[in-house]
Amino acid sequence: GDLVPVFSWLFLRGKCRYCGVPIGALPLATEVVLAALFAVSYVYWPLGFGEWQGITLFVMWLGYLVALAVLLIYDARWMLLPDKIVLPLVFVAFIDAALRVSLVQGAGVVEYILYAGFGMVALAGIYGVPYVVSRGRWVGFGDVKLSIFIGVTLGWQKALLVFILSNVIGFCVVMPGLLARKLSRTSRIPFGPFLIAGFIVAGLWGDALIRWYLSYIGL
């Protein structure tokens, strides 16, 4: 019973069964948040479950959530997005893109290349330029690689939405620290968690947000 999510932590009172060392609340919080995201994803899954591609993409999405939870915690603690997690995500993203494009009637290889290519350039290009210019001082290369995964998976429109969302979320998180003087302009802030949050929001509600924005500006 040591591997049952949530219940194992509660049953063991947050301590290792064998050595008694406190495990901490982070594993419990991660399991609770992931369970909630799984449920929310099922309810708001935008691709539906009527086609096998939609079902397959949903299963892949759940896998993304687990991998991204690891990346979020890792980046928040050590400011590093390890390649052994990011690079497999990048590889799978191209399969994901092919499945998404196949849901569009009449779409073929050209549409797939445009979807994946523009998606990759849209977000990775935005972060790739400051990475090169600053030689990694402003943006980490891990963020650039994570942006490739996001852009190829979601396409260029939602990739740009992720850019907006991640910066808004980052602003809302960082600004209170700056006002309280717990952070300064030179403080190093991991950006991966903000990209991940933006990806989840755009992946589930991106189409609705884009439609709302276009109607808001009269398009």
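**Entry 1: Val121**

Is Val121 buried or exposed? I looked up its relative accessible area and found 54%, so I recorded Val121 as exposed, the cut-off being over 50%. I note at the outset that the model is predicted. Val121 belongs to helix α5, which covers residues 109-134. I then looked up a pair of C-alpha atoms, those of Val121 and Ser147. The two residues are 26 residues apart along the chain, and their C-alpha atoms are separated by 9.1 Å.

**Entry 2: The chain as a whole**

I turned next to the secondary structure and found seven helices and zero strands. Reading along the sequence, I wrote the pattern down as α-α-α-α-α-α-α. For the overall dimensions, I found that the C-alpha trace spans about 60 × 45 × 35 Å along its principal axes.

I then asked how the radius of gyration stands against that of a compact globule. For 219 residues such a globule would have a value near 17 Å; the chain has 19 Å, and I therefore recorded agreement. Buried residues account for 37% of the 219 residues. Among contacts with a separation of 6 or more, 66% are between residues 24 or more positions apart.

**Entry 3: Helices α6 and α7**

Two packed helices are described by the angle between their axes and the distance between the axes. I looked up both values for helix α6, residues 141-179, and helix α7, residues 192-216. The angle is about 110°, and the axes are 6 Å apart. I therefore entered α6 as roughly perpendicular to α7, since angles of 65 to 115 degrees count as such. By class, I found 19 nonpolar, nine polar and three charged residues in the contact of α6 with α7.

**Entry 4: Lys145**

Where does Lys145 lie? I located Lys145 in helix α6. Its relative accessibility is 13%, so Lys145 counts as buried, the limit being under 20%. Setting aside residues up to four places away in sequence, I found that Lys145 touches Asp83, Val86, Leu87 and Val90. Of these partners, I note that Asp83, Val86, Leu87 and Val90 fall within helix α4, which has the range 83-102.

**Entry 5: Gln53**

I found Gln53 in helix α3, residues 52-78. With a relative accessible area of 9%, Gln53 is buried. Which side chains does Gln53 join through a polar contact? One such contact, of 3.3 Å, links the side chain of Gln53 to that of Trp52. A polar contact of 3.3 Å also links the side chains of Gln53 and Ser102. Leaving out neighbours within four places in sequence, I listed Leu99, Ser102 and Leu103 as residues in contact with Gln53. Ser102 thus appears in my notes both in that list and as a polar partner of Gln53.

**Entry 6: Positive phi in two loops**

I looked up Met79 and found a positive phi of about 50°, although the residue is not a glycine. Met79 lies in the loop between α3 and α4. At 32% relative accessibility, I entered Met79 as partly exposed.

Arg181 is also not a glycine, and I found a positive phi of about 60° there. Its place is the loop between α6 and α7, the two helices that I had recorded as roughly perpendicular. Is Arg181 buried or exposed? At 77% relative accessibility, Arg181 counts as exposed.

Notes: Residues are numbered from 1 along each chain as its sequence is written. This is a predicted model: local features need pLDDT of at least 70, side-chain atom pairs count only at pLDDT 80 or more; totals for chains, interfaces and linings use all residues. Side-chain values use heavy atoms; hydrogens and water are left out. Axes are lines fitted to C-alpha atoms, for helices over the stretch in contact, and angles run from 0 to 180 degrees between N-to-C directions. Helices (H or I, at least four residues) and strands (E, at least two) are DSSP runs, numbered from the N terminus. Angles under 35 degrees count as roughly parallel, over 145 as roughly antiparallel, 65 to 115 as roughly perpendicular and the rest as oblique. Ala, Val, Leu, Ile, Met, Phe, Trp, Tyr, Cys and Pro count as nonpolar, Asp, Glu, Lys and Arg as charged, and the others, Gly among them, as polar. Buried means under 20% relative accessible area, exposed over 50%, partly exposed in between (1.4 Å probe, protein chains only). A polar contact is a pair of N or O atoms within 3.5 Å; within protein, one must be able to donate a hydrogen and the other to accept it, and residues adjacent in sequence count only if both atoms are side-chain atoms. Contact means heavy atoms within 4.5 Å. The radius of gyration is taken over C-alpha atoms; the globule rule is 2.2 Å times the number of residues to the power 0.38.
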